[in-house]
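Let's take a walk through this protein together, one piece at a time. Keep the picture open while you read, and try to find each spot as we get to it.

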Amino acid sequence: MLPLHAKRIVLGVTGSIACYKAADLASKLTQLGAEVDVILTAAAEHFIKPLTFQSVTGRRAYVDQDLWGPEGHVLHVKLGKDADLLLIAPATANTLAKLAAGQADNLLTLTALAATAPLMLAPAMDGGMFDHPATQASLETLRARGAHIHGPVSGHLASGLSGVGRMLEPAELAGHARVALGAGGPLAGRRVLVTAGGTQEPIDPVRVIANRSSGKQGYALAQAALDLGAQVTLISGPTALVPPVGAHLLRVQTAVEMRDAVLQHAAAADMLLMAAAVADFRPSQAADKKIKRAEGVPTVELAANPDILKEVSQQAKKPRMLVGFAAESNDLLANAQGKLASKGLDLIVANDVSAQDAGFEVDTNRVILLSKDGGQEELPLLSKYEVARKVLEKAASLLK
Ligand code: C5P
């Protein structure tokens, strides 16, 4: 299932050069599974055609003229009432002023008055216009009324000047839309702590002992938890992945740093998902200068790293739900069952990392969920995001 399956978004597009980015945003939201109804203002139509949006959403895009079409005046009411989110991107100073004043002189502003869904705004305009007290007053009014305002950001502006006025990038807006659409989901009000990626254990200032974990499954868990309405803290080992919008990200390098970060946040969390591939051993002494080849082949002595899950499960104040991961290359079920018990877990996600299409680096995974109560659920080959959703839905149901 796609993350935004069955979610209805009305995307309002107003007259700014950032309209071209709105097409990308409409496409991204559609690819996430949302039904996206686009409404263009008359000024937006000068920059971009409804056909552009229709081509990426597969749905009709609306313009002011549609107000006087066969649906008559009920169109805006229908669009407004059906929406789960009204997102206006780009939002010009003019439209912000109209929204603040409750004016309704075009299809978009009429729909905004009729809508009961959350309102999200992505302002875009020249820096001076954004700074103008009138625009700032509009934004203040809208914020006080509960609108979510994201951006603008600083950078090159169409005027040739640079300043604060650029629309936030579509990928980030899509992330904010996911957070808004997740609110009220099955994990609403829950604090979820996720660890992701592998740890790196220094040998000397330039060399580390690392592992093949990409962090993809952990990042997918953080995103899925956000989609289900949770407050998410993501403790990540080194990875180039982009963290999900809305997650509180803490970067660590070593297992000891990860242990410290987890223990610091675990007491306040309802759920810990320990997806990180934590190094079991570290060099007992990292050299403080780069080891030189001329000095001959070194011997690296190893010391045991802490077992983070085990430590958390022994804390007096700990998350009610502890979820571990067992990446195994043999005797999958027996090993996973053993870890479920020895680490004091509620749920363990077992995956066979010897398969080509599951486990490290790839985008898919094939896992078995084993729970403390003896439950066993074997999932088919799924995307890492789908696996994450299943794990979280299972954990959320156990938490109840
Ligand atoms: O013992 P093993 O590494 O196979 O256990 C895997 C599970 O334990 C994972 O959830 C992993 O994040 C966690 N783990 C841990 N601390 C370690 C090693 C693994 O919390 N030092």
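Look for the ligand and ask which elements each supply at least two residues of the shell around it. The two are helix H12, covering 308–313, and strand E17, covering 321–328. Bear in mind as you look that this is a predicted model.

Now let's fill in that shell. The residues surrounding the ligand are Met274, Ala276, Val278, Asp280, Pro306, Asp307, Ile308, Leu309, Gly324, Phe325, Lys339 and Lys343. Sort them by class and you get 7 nonpolar, 1 polar and 4 charged residues. As for the site itself, the ligand sits in the largest pocket.

Three polar spots are good to click on. At Ala276, a backbone N or O atom lies 2.7 Å from an oxygen atom of the ligand. Ile308 also uses its backbone: an N or O atom there is 2.9 Å from a nitrogen atom of the ligand. With Lys339 it's the side chain that takes part, and one of its N or O atoms is 2.2 Å from an oxygen atom of the ligand. How much of the ligand does the protein bury? On its own the ligand would expose 450 Å², and the protein buries 87% of that.

Next, let's leave the ligand and go to a sheet. Here 6 strands line up in the order E3-E2-E1-E4-E5-E6, forming an open sheet with parallel pairing. Why is one side of strand E3 (61–62) and of strand E6 (148–149) left without a neighbour in the sheet? These two stand at the edges and have a single partner strand each, so nothing in the sheet sits on their other side.

Inside that order, pick out E4 (residues 85–91) and E5 (residues 119–123), which pair in the parallel sense over 4 bridges. To see one such bridge, start at Leu87 and find its partner in E5, Met120. While you trace strands like these, remember that in a regular strand the side chains alternate between the two faces of the sheet.

For an antiparallel example, go to strand E7 (residues 153–156) and strand E8 (residues 162–166), which pair over 4 bridges. His156 has Ser162 in E8 as its bridge partner. Together E7 and E8 make a hairpin, with 5 residues between them. In the turn you'll find Gly160, whose phi is positive at about 95°.

That brings us to some backbone oddities. Most residues other than glycine have a negative phi, and most peptide bonds are trans. So let's look for exceptions, beginning with the peptide bonds. Ala89 and Pro90 are joined by a cis peptide bond, with omega about -5°, and Pro90 belongs to strand E4. Another cis peptide bond links Gly151 to Pro152, with omega about 0°; Pro152 is in the loop between E6 and E7.

Then there's phi. Ala6 isn't a glycine, but its phi is positive, near 70°. You'll find Ala6 in the segment before strand E1 (8–13). Asp331 isn't a glycine either, and its phi is positive at about 45°. Asp331 lies in the loop between E17 and helix H13 (332–342), and E17 is one of the elements that supply the shell around the ligand.

Technical notes
Residues are numbered from 1 along each chain as its sequence is written. This is a predicted model: local features need pLDDT of at least 70, side-chain atom pairs count only at pLDDT 80 or more; totals for chains, interfaces and linings use all residues. Side-chain values use heavy atoms; hydrogens and water are left out. A residue is near a molecule or strand if one of its heavy atoms lies within 4 Å of it. A polar contact is a pair of N or O atoms within 3.5 Å; within protein, one must be able to donate a hydrogen and the other to accept it, and residues adjacent in sequence count only if both atoms are side-chain atoms. Accessible areas come from the Shrake-Rupley method with a 1.4 Å probe; for residues, only the protein chains shown count as cover. On a 1 Å grid over the protein atoms alone, a cavity is a set of points where a 1.4 Å probe fits but cannot get out, and a pocket is an open set with protein on both sides within 12 Å along at least five of seven lines; lining residues have an atom within 4 Å of a point. A molecule sits in a cavity or pocket if more than half of its atoms lie within 2 Å of its grid points. Ala, Val, Leu, Ile, Met, Phe, Trp, Tyr, Cys and Pro count as nonpolar, Asp, Glu, Lys and Arg as charged, and the others, Gly among them, as polar. Two strands pair if DSSP finds at least two bridges between them.
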